[in-house]
Amino acid sequence: MTTYAIRRILQTIPILFIISILLFFLVRSAPGGPLTSARRNPNVTKEQIEAIEEKLGLNDPLPVQYGRWIGDMLKGNLGQSIKFHRPVNDMIAERIPNTLTLVGASFLLTLIVAIPIGMLSARKPYSVFDYAMTTVTFIGQSIPVYWLGLGLIVIFYVLLKNPVTDVPFFPVGGMNTRGKEGDPLDTLWHLVLPVTALSLGWIAWYSRFLRSSMMDVLHEDYVRTAKAKGASSNSVYYKHALQNAILPLVTLIALDLPSLFAGALFVETIFSWPGMGRLFWDAAKGRDYPVLLGVVMITAVLIIFCNILADLAYGWLDPRVKYE
Amino acid sequence: MARVILRRFFKHKLAGIAIAVLALLILASAFAFTTPYSPTNQEPTNSFQKSNADHWFGTDELGRDVFTRILYGGRVSLTVGLFSTFLSIALGVLVGALSGYFGGWIDSVLMRITDAFLTFPTIFVLIILGAFLREQQVPWLKNSVLIVIIIIAALSWMWPARLVRGLFLVLREREFVTASRALGGSSARIIIQHILPNCIGPIVVSGTLQMASAIITESGLSYLGFGVQPPTPTWGSILATAQNQVFRAPWIAFYPGLMIFITVMAINYIGDGLRDAFDPYVVHAEK
């Protein structure tokens with residue numbers, strides 16, 4: 001299993017290289033660089049701009065610049081933000097925990113809600129509950145996350161307020177109330193709306209998936225065998241069937257990780273959540289490409305890492321799987 | 001066969017309704033010019049009206065009729081959805097067919113590339129592409145609708161590619177393929193005339209999923225400011241401007257999102273109906 005993990009990690013290296021080359025040349029070949037506004041500024045002389053370009057190495061041929069960038073990156077240095085004059089490493093490092101909090105909390109909520117729904121739907125298929133849930137999940141899958149987020153803001157911040165104090169029910173910006181930085185309860189309160197917005201689509205998708213996975217498994221031989229041996233229907237259902245139905249979910253989650261991060265980008269933008277998505281959005285508006293490239297590469301590494309983890313988890317959960 | 005599929009499709013009542021809804025949306029945005037208002041003309045004295053008989057969905061901060069803007073926005077969303085789906089399916093079928101039929105090193109190379117794209121946080125790349133392609137000095141790339149169609153297709157062909165590869169892996173071992181090869185059929189002939197027609201069902205179903213997600217992606221991209229550029233109205237950009245006015249006029253945010261939601265839901269139900277219609281087991285049971 002260790003050799004398998006090592007091989008998987010080695011396989012991802014060419015992937016990361018392809019990604020980095022494509023992105024670097026794309027971003028750097030665009031004419032509207034970070035110095036566009038400086039060029040338009042009449043107070044900045046041509047000599048000053050040339051001096052900045054020289055200092056940042058923007059005049060070297062692109063392959064040389066790429067070589068320098070990838071060399072630095074391999075040493076763990078993502079460069080310097082052009083807009084904030086801060087190391088990209090620091091900027092990303094302070095955002096990662098916030099994104100992971102948001103994504104982690106949504107993921108947890110998704111599993112807590114989706115697994116029971118999927119299970120109960122498959123327990124009594126074509127019942128009223130099943131039909132209701134099928135409809136709800138269809139709706140949940142069709143709602144765009146940005147509209148849902150905006151809707152939650154309108155309902156729980158603009159329209160509904162505490163009748164006594166006239167304070168909105170939930171905060172909609174940032175991670176903490178001013179003066180309460182680092183208070184976990186306050187952060188939890190700030191998490192409610194963003195996590196709801198991010199989770200609904202996933203709850204719909206996973207409960208539907210688990211339902212159909214359960215329905216498939218219930219026709220398997222080992223389920224029939226367990227029934228024939230006189231196991232109670234609950235035991236067959238929750239022990240034999242559920243254990244096997246949940247397995248494919250692990251692979252699915254690994255495949256869905258990029259989309260989960262994409263959803264987080266929208267939610268962070270809407271709710272001013274200080275995570276990597278918000279950082280990326282700001283950097284894209286300001287054409288701050290060291291930050292852009294840094295965030296994409298870190299996210300790609302993070303996703304590939306989680307994928308390998310999911311593969312290994314699958315093998316641990318299902319002893320039938322052998323790593324070649 | 002086609003008749004059987006059509007009959008089965010319309011047995012799925014919600015899918016039938018969904019087709020009608022989608023047709024209505026397409027017609028309404030095609031005939032958007034019949035409303036008495038312009039989607040871009042500003043009438044600042046007329047801003048922030050709630051919905052009334054003259055302005056069904058009210059007016060926005062610049063006094064533009066929201067209903068008219070939404071109809072015109074529908075043109076963009078539906079166009080992008082349709083064409084990026086065609087493009088991504090075409091690319092995906094090409095990659096999947098080559099990969100699944102020939103196997104070997106072709107398969108390894110193509111699937112490595114597919115994996116690279118799959119593990120990728122697509123929205124990040126979409127934003128980078130959206131932001132930087134527009135600044136290139138290439139005249140035909142000035143059209144932001146075209147850019148959005150191309151970049152959505154370029155980052156979504158992997159799912160149809162995997163699907164088609166899987167189907168080809170199974171079908172290439174079947175007797176009719178061996179027979180055709182024994183009769184001297186060329187690879188191209190076997191792929192196009194013998195294997196591909198057997199993949200139509202799953203491809204069409206995955207096409208509906210692609211279209212739904214393309215519409216959500218386009219709107220999201222425009223919402224973030226990196227998609228289709230103003231003054232062209234799109235559902236995403238209307239939603240973005242509505243967000244800035246959410247305290248003064250929360251109702252404006254409601255309509256564009258509702259349109260995205262209805263469209264995506266209709267397409268999803270059509271996909272559901274098509275899945276039932278193409279399911280070979282159901283067809284056999286009926287015979």
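A cavity is a set of points where a 1.4 Å probe fits but cannot get out. In this predicted model, there are three cavities of 30 Å³ or more. Let's start with the largest of them, which has a volume of about 60 Å³.

Its lining is made by A:Ser106, A:Phe107, A:Thr110, A:Trp202, A:Tyr206, A:Ile253, A:Asp256, A:Leu257 and A:Leu260. Three elements of chain A each give two or more residues to this lining: helix 5 (88–123), helix 8 (184–217) and helix 10 (233–270). Helix 10 of chain A supplies the largest share, with four residues. By character, the lining of the largest cavity splits into six nonpolar residues, two polar and one charged.

Now for the aromatic rings. A pair of aromatic rings is described by the distance of the centres and the angle of the planes. Over all chains, the count comes to 18 aromatic pairs. Take A:Phe24 and A:Tyr66: their ring centres are 5.4 Å apart and their planes meet at 65 degrees, so this pair is edge-to-face. A:Phe24 belongs to helix 1 (residues 2–29) of chain A and A:Tyr66 to helix 4 (residues 62–74) of chain A, so the pair ties together parts that are 42 residues apart in sequence. A:Phe24 is buried, at a relative accessible area of 2%, and A:Tyr66 is buried too, at 10%.

A second pair takes us across to chain B. A:Tyr146 and B:Tyr223 are stacked, with 5.4 Å from centre to centre and 20 degrees between the planes. Because A:Tyr146 sits in helix 7 (residues 145–159) of chain A and B:Tyr223 in helix 10 (residues 200–224) of chain B, this pair joins two chains. Both A:Tyr146 and B:Tyr223 are buried.

Back in chain A, ring pairs also build a cluster out of A:Phe24, A:Phe25, A:Tyr66 and A:Trp69.

Rings can have charged partners here as well. The charged end of A:Arg123 sits over the ring of A:Tyr237, 4.5 Å from its centre. Likewise, A:Arg211 lies over the face of A:Tyr126, at 5.7 Å from the ring centre.

Last, a word on the cysteines. A disulfide is a covalent bond between the sulfur atoms of two cysteines. The structure holds zero disulfides over all chains. Two cysteines are worth a look for their surroundings: A:Cys306 is partly exposed, with a relative accessible area of 25%, whereas B:Cys199 counts as buried, at 0% relative accessibility.

Conventions. Residues are numbered from 1 along each chain as its sequence is written. Chains are lettered from A and ligands numbered from 1 in the order in which they are written. This is a predicted model: local features need pLDDT of at least 70, side-chain atom pairs count only at pLDDT 80 or more; totals for chains, interfaces and linings use all residues. Side-chain values use heavy atoms; hydrogens and water are left out. A disulfide is a pair of cysteine sulfur atoms within 2.5 Å. Buried means under 20% relative accessible area, exposed over 50%, partly exposed in between (1.4 Å probe, protein chains only). Rings of Phe, Tyr and Trp (its six-membered ring) pair if their centres lie within 6.5 Å; planes under 30 degrees apart count as stacked, over 60 as edge-to-face and the rest as tilted. A charge sits over a ring if NZ of Lys or CZ of Arg is within 6 Å of the ring centre and within 35 degrees of the ring normal. On a 1 Å grid over the protein atoms alone, a cavity is a set of points where a 1.4 Å probe fits but cannot get out, and a pocket is an open set with protein on both sides within 12 Å along at least five of seven lines; lining residues have an atom within 4 Å of a point. Grid points are joined across faces, edges and corners, and a volume is the space filled by probe spheres set on the points. Ala, Val, Leu, Ile, Met, Phe, Trp, Tyr, Cys and Pro count as nonpolar, Asp, Glu, Lys and Arg as charged, and the others, Gly among them, as polar.
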